[in-house]
Amino acid sequence: MNLSYKVGNLVSPSRKEEGTMLEVAEFRIRPGEQAAFEEAIERALRTITAKAAGMKGYRFLKGFESAERYILQVTWEKLEDHMVTYRQSPERDQWRAIVSPFYAQPPLMEHLTLLAQS
C-alpha cells in the first residue's frame with residue numbers, strides 16, 4: 001500500500017510505510033518555562049534529531065488545555081535506529097543536555113507502528 005504522509009514541515013512523496021516506527025514522547029515542563037523549552041527543543045530537533053541515521057521526520061505539538069504538556073513524534077525507519085544507533089550516540093547526550101533542564105518530570109516514551117492513515 002502506498003501512502004503519502006506529512007511529518008512536521010517535511011512532505012514525503014508517496015512511498016511504502018511498512019516497517020516505519022513512530023516514537024512518541026510526552027513532556028511535562030515546569031510552569032513558566034514554555035517559551036525557553038520550545039526554543040531549546042526546536043534547536044535540538046533541527047541540529048541533532050534531523051541529522052540522525054534512520055530518522056524520517058518529526059512533529060512537535062503543544063497542548064491547548066495543558067500549557068506545560070508537549071508531544072514529540074519522531075518517525076524512524078526501524079526501531080533499532082532509535083533504540084540502538086541514536087540512543088548510544090554522543091548526540092543523544094547533547095540532546096538531553098539541551099532539553100532536560102525544563103522537565104517537571106521524566107518524559108514518557110513509547111514506540112508505535114502505523115496501521116492506518118488517511
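This is a short talk that walks through one predicted chain, from its overall layout to its helices, strands and aromatic rings.

Hello everyone, and thanks for coming. Before we start, a word on how to read the values. The model is predicted, so local features need pLDDT of at least 70 and side-chain atom pairs count only at pLDDT 80 or more, while totals for chains, interfaces and linings use all residues. Residues are numbered from 1 along each chain as its sequence is written, and side-chain values use heavy atoms, with hydrogens and water left out.

Let's begin with the layout. The chain has three helices and six strands. Here helices (H or I, at least four residues) and strands (E, at least two) are DSSP runs, numbered from the N terminus. Reading from that end, the order is β-β-β-α-β-β-α-α-β. Of the 118 residues, 35% are buried. By buried I mean under 20% relative accessible area; exposed is over 50%, and partly exposed is in between, using a 1.4 Å probe and protein chains only. As for contacts, meaning heavy atoms within 4.5 Å, take those between residues at least 6 apart in sequence: 68% of them join residues at least 24 apart.

Now please find helix α1, residues 34–47. Its 14 residues should span 20 Å at 1.5 Å a residue, and the end C-alpha atoms are indeed 20 Å apart. The expected span is 1.5 Å times one less than the number of residues. Which residues of α1 are buried? They are Gln-34, Phe-37, Ala-40, Ile-41, Ala-44 and Leu-45. Looking down the helix axis, these buried residues fall within an arc of 130 degrees, so they line one face of α1. That arc is taken over the directions from the helix axis to the C-beta atoms. The cover over them includes β3 (21–28), β4 (55–62), β5 (69–76) and α3 (90–99).

Glu-42 also belongs to α1, but this residue is partly exposed, with a relative accessible area of 40%. Its C-alpha atom is 9.5 Å from that of Val-99, a residue 57 places away along the chain.

Just ahead of the helix is Glu-33, in the loop between β3 and α1. Glu-33 is partly exposed as well, at 24% relative accessible area. Beyond its neighbours within four places in sequence, Glu-33 is in contact with Pro-101 and Phe-102.

Let's move to strand β3. Six of its eight residues are buried, so β3 is largely enclosed by the rest of the structure. What does β3 pair with? Strands count as paired if DSSP finds at least two bridges between them. Eight bridges join β3 to β5, and the two run antiparallel. With β6, the pairing is again antiparallel, over six bridges. Met-21 shows both partners nicely: this residue stands opposite Trp-76 in β5 and opposite Thr-113 in β6.

Helix α2, residues 79–86, has Asp-81, His-82 and Tyr-86 as its buried residues. Seen down the axis of α2, they fall within an arc of 95 degrees, so they line one face of the helix. They pack against β3, β5, α3 and β6.

Next, the core. A nonpolar core is a set of buried Ala, Val, Leu, Ile, Met, Phe, Trp, Tyr and Cys residues joined through side-chain atoms within 4.5 Å. The largest one has 22 residues, and Phe-27, Phe-37, Trp-95 and Val-99 have the most contacts inside it. Elements giving two or more residues to this core are β3, α1, β5 and α3, and α1 gives the most, with five. Phe-37, for one, is in contact with Phe-27, Ile-29, Phe-60, Tyr-70, Val-99 and Phe-102, leaving aside neighbours within four places in sequence.

Last stop: the rings. Rings of Phe, Tyr and Trp (its six-membered ring) pair if their centres lie within 6.5 Å; planes under 30 degrees apart count as stacked, over 60 as edge-to-face and the rest as tilted. That rule gives eight aromatic pairs. One of them, Phe-27 with Tyr-103, is tilted, at 5.7 Å centre to centre and 35 degrees between the planes. Phe-27 lies in β3 and Tyr-103 in the loop between α3 and β6 (108–113), so this pair ties together parts that are 76 residues apart in sequence. Are these two buried or exposed? Phe-27 counts as buried at 2% relative accessibility, and Tyr-103 counts as buried at 16%. Ring pairs also link Phe-27, Phe-37, Phe-60, Tyr-70, Trp-95, Phe-102 and Tyr-103 into a cluster.

Thank you for listening!
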